[in-house]
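This report introduces a protein chain to a reader who has not met it before. It turns from the overall fold to the packing of helices, and then to individual residues.

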Amino acid sequence: MKKTFLLAAGLLLFSVSAQAQILDIIKSTVKNQTGVDLSNPKTKPATSTTSPQTPTKTTSSVNLGSLTSTQISSGLKEALNLGVTEGVKKLGVTDGFLKNEAVKILMPEKLRVIDTKLRAFGLGSLADQGVKLLNRAAEDAVTESAPIFTKAITSMTITDAKNILLGGDNSATNYLQSKTQTQLFTAFQPKVKASLGKVGADKVWNNLISKYNTLTGNAVSTDLNEYVTNETINGVFKMVAEKESGIRNNSVMRTTSILQKVFGAQDGK
């Protein structure tokens, strides 16, 4: 029995010793092949799966230091004057309003029920003629509006010129409109009234509304002069805004040195 016990103990010690040797061999091999020491394991930093971040691009500040307030004001006014001149030229011809969907004058909203009713009674041509003559009046009147717009631009005081320059695509146009809409309306309304009579729009509309009232038993009316005046002014401002946006975003449209200097400075905003 004693011999058996000693034999078993010897085998056990041999087995432990053999396992230790094998483990040492494994550790040595791993260390040689990978550099990892299994006897002194260290936590390996987790590998980030996040894509490398692209360095944030620093937006260069707008270089307005070389521009005076007078230059900025002059640049903005020149852009507005170009917009008015080109806008009036495009609008003040036959179909300038009528065939331009951006500025086409539609039937006054509160009278659009007239359009529906007249067409229902087979009088669609009369409704079309009414709309056509509203646009013809605008096309006629707008040709005389340039000096009114120019005067408004010239007398404009831009105390916050830099903010306007660095604003949105239509900042100068919006500023001009907010400051001059009332005075433009007052000066322009007589011209529109004359144009409505000149193209015969007033007679056609009186006939159109009279027929509608007879057919429906209603009594509607509207101030066409006020409506067309506002729509004509708004049409010009839309053209001015389009020009301003072009000058801001397309250097090719900066056709003078002041435009190049002023709007070139806002390119880095």
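From the N terminus onward, the elements of the chain follow the order α-α-α-α-α-α-α-α-α-α. The secondary structure thus comprises 10 helices and zero strands. The model is a predicted one.

## The chain as a whole

The chain has 269 residues, of which 36% are buried. Its accessible surface amounts to about 16,200 Å², and carbon and sulfur atoms contribute 55% of that area. Among contacts with a separation of 6 or more, 81% join residues that lie 24 or more positions apart.

## Packing of the helices

Two packed helices are described by the angle between their axes and the distance between the axes. The table gives these values for three pairs.

| Helix pair | Angle between axes | Axis distance |
|---|---|---|
| H3 (residues 112-120) and H8 (residues 201-216) | about 70 degrees | 10 Å |
| H4 (residues 124-142) and H8 | roughly 145 degrees | within 9 Å |
| H2 (residues 69-91) and H9 (residues 224-249) | about 130 degrees | 8 Å |

For the pair H2 and H9, the angle of about 130 degrees makes H2 oblique to H9. The crossing of H2 past H9 is right-handed. On the side of H2, the contact is formed by Leu76, Ala79, Leu80, Leu82, Gly83, Val84, Glu86, Gly87, Lys90 and Leu91, and on the side of H9 by Gly235, Val236, Met239, Val240, Glu242, Lys243, Ile247 and Arg248. By character, the residues of this contact of H2 with H9 are 10 nonpolar, three polar and five charged.

Helix H8 takes part in the other two pairs of the table, with H3 and with H4. The angle of about 70 degrees between H3 and H8 lies between 65 and 115 degrees, and the two helices are therefore roughly perpendicular to each other. Their crossing is left-handed. In this contact, H3 supplies Val113, Ile114, Lys117 and Leu118, while H8 supplies Leu208, Ile209, Tyr212, Leu215 and Thr216. Seven of the residues in the contact of H3 with H8 are nonpolar, one is polar and one is charged.

H4 likewise passes H8 in a left-handed crossing. Here Leu126, Ala127, Gln129, Gly130, Val131, Leu133 and Leu134 of H4 meet Ala201, Val204, Trp205, Asn207, Leu208 and Lys211 of H8. The contact of H4 with H8 contains nine nonpolar residues, three polar ones and one charged one. Leu208 of H8 appears in the contact with H3 and also in the contact with H4.

## Two residues in detail

Tryptophan 205 belongs to helix H8. Its relative accessible area is 0%, so tryptophan 205 is buried. Apart from neighbours within four places in sequence, tryptophan 205 is in contact with Met107, Pro108, Leu111, Gly130, Val131, Leu134 and Leu224. Leucine 134 lies 71 residues from tryptophan 205 along the chain, and the C-alpha atoms of the two are separated by 9.2 Å.

Arginine 136 is located in helix H4. Is arginine 136 buried or exposed? Buried means under 20% relative accessible area. With a relative accessibility of 19%, arginine 136 therefore counts as buried. When neighbours within four places in sequence are set aside, the residues in contact with arginine 136 are Thr94, Asp95, Leu98 and Val199.

Methods:
Residues are numbered from 1 along each chain as its sequence is written. This is a predicted model: local features need pLDDT of at least 70, side-chain atom pairs count only at pLDDT 80 or more; totals for chains, interfaces and linings use all residues. Side-chain values use heavy atoms; hydrogens and water are left out. Axes are lines fitted to C-alpha atoms, for helices over the stretch in contact, and angles run from 0 to 180 degrees between N-to-C directions. Helices (H or I, at least four residues) and strands (E, at least two) are DSSP runs, numbered from the N terminus. Angles under 35 degrees count as roughly parallel, over 145 as roughly antiparallel, 65 to 115 as roughly perpendicular and the rest as oblique. A crossing is left-handed if the near helix is turned anticlockwise from the far one by less than a right angle, and right-handed if clockwise. Contact means heavy atoms within 4.5 Å. Ala, Val, Leu, Ile, Met, Phe, Trp, Tyr, Cys and Pro count as nonpolar, Asp, Glu, Lys and Arg as charged, and the others, Gly among them, as polar. Buried means under 20% relative accessible area, exposed over 50%, partly exposed in between (1.4 Å probe, protein chains only). Accessible areas come from the Shrake-Rupley method with a 1.4 Å probe; for residues, only the protein chains shown count as cover.
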